[in-house]
Amino acid sequence: MFIVTLMIFVAGLFLLGVVYNKTQKLGQTVFLGLLLGLLGGALLQLFTAEQVIKDSLEWINLVGNGYVRLLQMIVMPLVFISILSAITRLNQAGSLGKISFSVIAVLLVTTAIAAAIGIAMVYWFDVSAQGLIAGERELAAQARVDGKVEQISGLTIPAMLLSFIPKNPFAELTGASPTSIISTVIFSAFLGVAAISLRKENQMLGERIAQGIDTLNQLIMRVVRFVIRLTPYGVFALMIKMAATSKWADILMLGNFIIASYVAILLMFVVHGILLALAGINPLHYYKQVLPTLSFAFSSRSSAATIPLNIETQINKLGNNNVIANFAATFGATIGQNGCGGIYPAMLAVMVAPTVGIDPFSVQYIATLILVVAISSAGIAGVGGGATFAAIVVLSTLNLPLALVGLLISIEPLIDMGRTALNVNGAMVAGTLSNKWLSGK
């Protein structure tokens, strides 16, 4: 059965290759890979022994995790070179301030809206923390949560901001810390501003520097395109793993929370569309262009790994300015994440509040929660860890118990897929709106 499973998997890869070669439409092929992966994983779990699933996934993960690693391999070089290249083309370094402010403002405002939607969904679906039973996996997860609490217990806003400044840029290029992406952006920005300054003093030297940087940028982008062509195969393998390893009993037991979470996520996608429409951008055309990127974000559950796809989609499909696209993609992977930093911690804070005698739907509590969520969505970039850290920061700030974070661990992967896609879309929306406002196009 093991050999048969691998043969079917290889046949699926071959089918995706044939479809892509005939259509030359990456988006459609990625979506096909997603559907085939879901179907294949579900069938694998239903009709195959547990040991066969385990043995098969070791080889299937070679494709899925291998693709994610290739994307992770090019993230830091791409962020460094592309931002440096984009900044050297600017005539005024002052433009960076406007771009950064616009992108971060959109990310934080949309995160606050996401928190409000998450609160509304808890009320609408009457989701409660009461009655959840802590099993062996949940208790183990709670122990991991307690360990993460210790990591952020001494974190202050000044310490968080200080961690963004790279003391060793070469170490940051290796992704050595949770803030490596932002630190690399800052280092690239400094080099870019220095290149602009040199060009003003010595035109010929400035042009040589710009040409060298542009050459490196073209080389990196060619590598990015090579890797992106593998997206359908990576998504296919990743979705097989997800569907084959999901615990359907856990999903059914916590189905109400899952449904509420996904309705909140879908509503936030609608909000993104409305914001685009108000800015004069066709939401349907936008979503058609970004679907392949959202499909990968959904299956990989990694905002950072999606950065290369995010940047290329913004520049080549949405027509966003190079600098704006890079800033939006990199900041959006760590700051103001609508799903992980907005919806999830807000829902947990409302669910937990009644257990300590707090009315979660009082105007004062809701206003405080939304403010805390928006602020902490910028702060979690200093510690990394996505939704878990965001929930810990919010619940700790409001003096609420943290047990629910561990109790929901069994369904985390399923919800995290939707949250990650929303995070990435929030970054692309921030870039698209900023491009519209700052360029007037």
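**View 1. Helices α4 and α15 cross at roughly 40°.** In this close-up, the axes of α4 (residues 95-125) and α15 (residues 322-332) come within 10 Å; axes are lines fitted to C-alpha atoms over the stretch in contact, with angles from 0 to 180 degrees between N-to-C directions. The two helices are therefore oblique to each other, that is, neither under 35 degrees (roughly parallel), over 145 (roughly antiparallel) nor 65 to 115 (roughly perpendicular). On the α4 side, look for Leu 96, Ile 99, Ser 100, Val 103, Ile 104 and Leu 107; they meet Val 323, Ile 324, Phe 327, Ala 328, Phe 331 and Gly 332 of α15, contact being heavy atoms within 4.5 Å. This contact has 10 nonpolar, 2 polar and no charged residues.

The model is predicted: local features need pLDDT of at least 70 and side-chain atom pairs pLDDT 80 or more, while totals for chains, interfaces and linings use all residues. Residues are numbered from 1 along each chain as its sequence is written, and side-chain values use heavy atoms, leaving out hydrogens and water.

**View 2. His 272 sits in helix α12 (residues 255-278).** With 0% relative accessibility, His 272 counts as buried (under 20% relative accessible area; exposed is over 50%, partly exposed in between; 1.4 Å probe, protein chains only). Leaving aside residues up to four places away in sequence, His 272 touches Thr 110, Tyr 287, Asn 338, Leu 422, Asn 425, Gly 426 and Val 429.

**View 3. Helix α16 (residues 338-352) agrees with its expected span.** Its 15 residues should cover 21 Å at 1.5 Å a residue, and the end C-alpha atoms are 20 Å apart. The helix is mostly covered, with 15 of its 15 residues buried.

Definitions and conventions: Helix = DSSP H or I, 4+ residues; strand = E, 2+ residues; numbered from the N terminus. Expected span 1.5 Å × (residues − 1). Nonpolar A, V, L, I, M, F, W, Y, C, P; charged D, E, K, R; others polar.
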